[in-house]
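Please open the model in the viewer and display the side chains as sticks. The tour below moves from one charged pair to the next.

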Amino acid sequence: MIRIKAVDAQNMLDVCELSTHQNGVGMMTAGHFCCNAISIAETKYHPELHPNAIYHNHVLIGFFMYRRAEDHAETATICRFMVDDRFRQKGLEEKALEHILRGLKIQGVKKVALQIDAANETVKRLFLSAGFHSTGASDKEGCYYELAL
């Protein structure tokens, strides 16, 4: 069973240790700019950012963060989405994404947006399978996608 919990003092360090690498090195120590620790730090300066831990059967498996501004509450932008390497290839990415989208819809979100690195075919397939479609817009960091809820 997938469960979403806000990042807090009890789970913050564990979230920072999640890794997308097979060697198990945490993203923070692997030198990645968009590590979970930096994402969590960003929320202290941008109150429209919401960091969340993803659990499966009470085990922390991933992290996601979305942006939702008060003056545009009907739109949420997924800024980060990751599942730890130990839990990939088990269908949990799909289940987590379904749960996230269902939760956003319950909160009144009508449109979800995101940007995907054009070279990341795995992530692109995941979001396309969830119903996202390209907006046709892109920049040096990737292509833009959205989903109406």
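Select Glu42 to begin: this residue is partly exposed, with a relative accessible area of 27% (buried means under 20% relative accessible area, exposed over 50%, and partly exposed in between, with a 1.4 Å probe and protein chains only). Add Arg80 to the selection; the two side chains meet in a salt bridge at 3.1 Å, N to O (a salt bridge is a side-chain nitrogen of Lys or Arg within 4 Å of a carboxyl oxygen of Asp or Glu). The pair links distant parts of the chain, 38 residues apart, with Arg80 in strand E4 (residues 75-83) and Glu42 in helix H2 (residues 36-42). Helices (H or I, at least four residues) and strands (E, at least two) are DSSP runs, numbered from the N terminus. Unlike a partly exposed residue, Arg80 is buried, at a relative accessible area of 19%.

The model is predicted: local features need pLDDT of at least 70 and side-chain atom pairs count only at pLDDT 80 or more, whereas totals for chains, interfaces and linings use all residues. Residues are numbered from 1 along each chain as its sequence is written, and side-chain values use heavy atoms, with hydrogens and water left out.

Next, select Glu48 and Arg67, whose side chains form a salt bridge (3.6 Å, N to O). Glu48 lies in the loop between H2 and strand E2 (49-56) and Arg67 in strand E3 (residues 59-67), so this contact ties together parts 19 residues apart in sequence. Glu48 is partly exposed at 22% relative accessibility, and Arg67 is partly exposed at 34%.

Finally, select Lys111 and Glu146, a salt bridge with its closest N and O atoms 3.7 Å apart. In total, the structure holds 5 salt bridges.
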